[in-house]
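User: I would like to go through this model and ask on what grounds each label is given. Please set the values against the cut-offs.

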Amino acid sequence: MLIIDGKKVSLDLINELKASVESFKAVTGKVPGLTVIIVGQDQASQAYVRNKAKTCKEIGMISTLIEMPAETTQELLLHTIHELNNDPAVHGILVQQPLPEHIDELTVTLAINPSKDVDGFHPENLGLLVMGDLDKCFVSPTPYGILELLDRYKIETQGKHCVVVGRSNIVGKPMANLMLQKLDAANCTVTICHSATKNIPFFTRQADILIAAVGHAGFITADMVKPGAVVIDVGINYIDDPAKKSGCRIVGDVDFDGVSAIASAITPVPGGVGPMTIAMLMKNTLLSFQRFNGL
Ligand code: NDP
């Protein structure tokens, strides 16, 4: 049984990106810039944002953080995005979610220039993904990171049945659409399950590649998995653990102990999909820089 090591792959990728940034800097004298906007004090968001800034700096990109108070008006946020859209030193714009309730997430997503939308949330990017025009769009970093893992581990995907559990706009839907594309690490027959799906185990048991993006700890149990399947766990769930100093620990959507006993390959949580998400965000930022500079 293969443990798909997202931590290792993400470190390899970060080193590759660092080398690319250095070589592009030598040619152009410029480096990619990622600006992250955070509205409010959500602790998990603050931690994600710090991590993104740290990785950006490691790679040699310019990382800018704009912190706005929770009571920021939507108008001011849109104005800030508009300025970043027009700033040639900014190649990637990311507005950390969740946003305060008085701000409409779709309006904010639509305000970001699609060619700087390194999160791939803009409908233009999602639309191009659905059309299979990957050279012209940004793919959301989490699904893109999973594709990268499947590719680097040379997992056979052609014509396989991929079942995605979860249909969110940031993970499930782009993931399913990516696995559908005529790509080396995709080209699957795809089934999507969600909260209204009747008899989910009936579908998951048919999966050669099972991708869980549900948000419920241990949702996928061994009896829901076909022996020999490749299992990708996207979930990040916090459960109580008195043995930990923090009082909690992170687990995925898959019951790792049970499922790893019958799967042919599995991503752990932590150390699987999570580290890939940040690395692919950096890859998208570099891609944006290359597109803006004709590189
Ligand atoms: P959402 O809550 O937006 O979506 C969850 C999806 O799961 C929905 O489509 C929902 O169905 C479905 N679902 C919920 N309960 C059930 C159920 N009982 N049976 C079947 N389907 C169900 O979550 P996200 O997609 O944003 O994230 C999913 C998980 O991945 C979370 O744990 C999140 O923390 C994690 N995540 C991890 C990332 C990483 O980098 N590793 C990045 C992003 C997310 P319906 O649409 O019908 O409500």
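User: Which atom of the ligand does a polar side-chain atom of Arg-167 lie close to, and at what distance?

Analyst: The model is predicted. In it, a polar side-chain atom of Arg-167 lies 2.7 Å from an oxygen atom of the ligand. A polar contact is a pair of N or O atoms within 3.5 Å, so this pair counts as one.

User: What makes Ser-168 and Val-234 polar contacts of the ligand?

Analyst: The same cut-off of 3.5 Å applies. For Ser-168, a polar side-chain atom lies 2.5 Å from an oxygen atom of the ligand. For Val-234, the protein partner is a polar backbone atom, 3.3 Å from a nitrogen atom of the ligand. Both distances are within 3.5 Å, so both pairs qualify.

User: How many residues surround the ligand, and which are the closest?

Analyst: There are 21 residues around the ligand, and the closest are Arg-167, Ser-168, Ser-195, Ile-236 and Thr-277.

User: Why is Thr-72 called buried?

Analyst: Its relative accessible area is 4%, and buried means under 20%, so Thr-72 is buried. Thr-72 sits in the loop between β3 and α3 (74-85). Leaving aside residues up to four places away in sequence, Thr-72 touches Val-39, Leu-77, His-102 and Ile-103.

User: Lys-154 and Asn-187 are both in loops. What makes Lys-154 exposed and Asn-187 partly exposed?

Analyst: Lys-154, in the loop between α6 (141-152) and β5, has 72% relative accessibility; exposed means over 50%, so Lys-154 is exposed. Asn-187, in the loop between α7 and β6, has a relative accessible area of 28%; that lies between 20% and 50%, so Asn-187 is partly exposed. Each has a positive phi in a residue other than glycine: near 50 degrees for Lys-154 and near 60 degrees for Asn-187.

User: How do you know that β5 and β6 pair?

Analyst: Strands pair if DSSP finds at least two bridges between them; 5 bridges join β5 (residues 161-165) to β6, so the two pair, and they run parallel. Val-164 stands opposite Ile-192 in β6. The chain crosses from β5 to β6 through helix α7 (residues 172-180), and this β-α-β crossover is right-handed.

User: What makes β8 and β11 a pair as well?

Analyst: Strand β8 (residues 230-233) and strand β11 (residues 265-266) share 2 bridges in the parallel sense; at least two are needed, so the pair counts. Val-231 has Ile-266 as its bridge partner in β11.

User: Why are β1 and β6 said to stand at the edges of the sheet?

Analyst: The open sheet has 6 strands in the order β1-β11-β8-β7-β5-β6, with parallel pairing. β1 (2-3) and β6 (189-193) each have a single partner strand, so one side of each has no neighbour in the sheet.

User: How many bridges support the pairing of β2 and β3, and which helix joins their β-α-β unit?

Analyst: Strand β2 (residues 33-39) and strand β3 (residues 62-68) pair in the parallel sense over 7 bridges. Leu-34 has Ser-63 as its bridge partner in β3. With helix α2 (residues 43-59), β2 and β3 make a right-handed β-α-β unit.

User: Which omega values go with the cis peptide bonds at Pro-98 and Pro-270?

Analyst: Omega is about 5 degrees for the cis bond joining Gln-97 and Pro-98, and near 0 degrees for the cis bond from Val-269 to Pro-270. Pro-98 is in the loop between β4 (92-95) and α4 (105-111), while Pro-270 is in the loop between β11 and α10 (273-292).

Note on methods:
Residues numbered from 1 in each chain as written. Predicted model: local features only at pLDDT ≥ 70, side-chain atom pairs only at ≥ 80, totals over all residues. Heavy atoms only, no water. Helix = DSSP H or I, 4+ residues; strand = E, 2+ residues; numbered from the N terminus. Right-handed = clockwise from strand over helix to strand, strands pointing away. Buried < 20%, exposed > 50% of the residue type's maximum accessible area, 1.4 Å probe, protein only. Contact = heavy atoms within 4.5 Å. Near = heavy atom within 4 Å. Polar contact = N/O pair within 3.5 Å; in protein donor to acceptor, adjacent residues only side chain to side chain.
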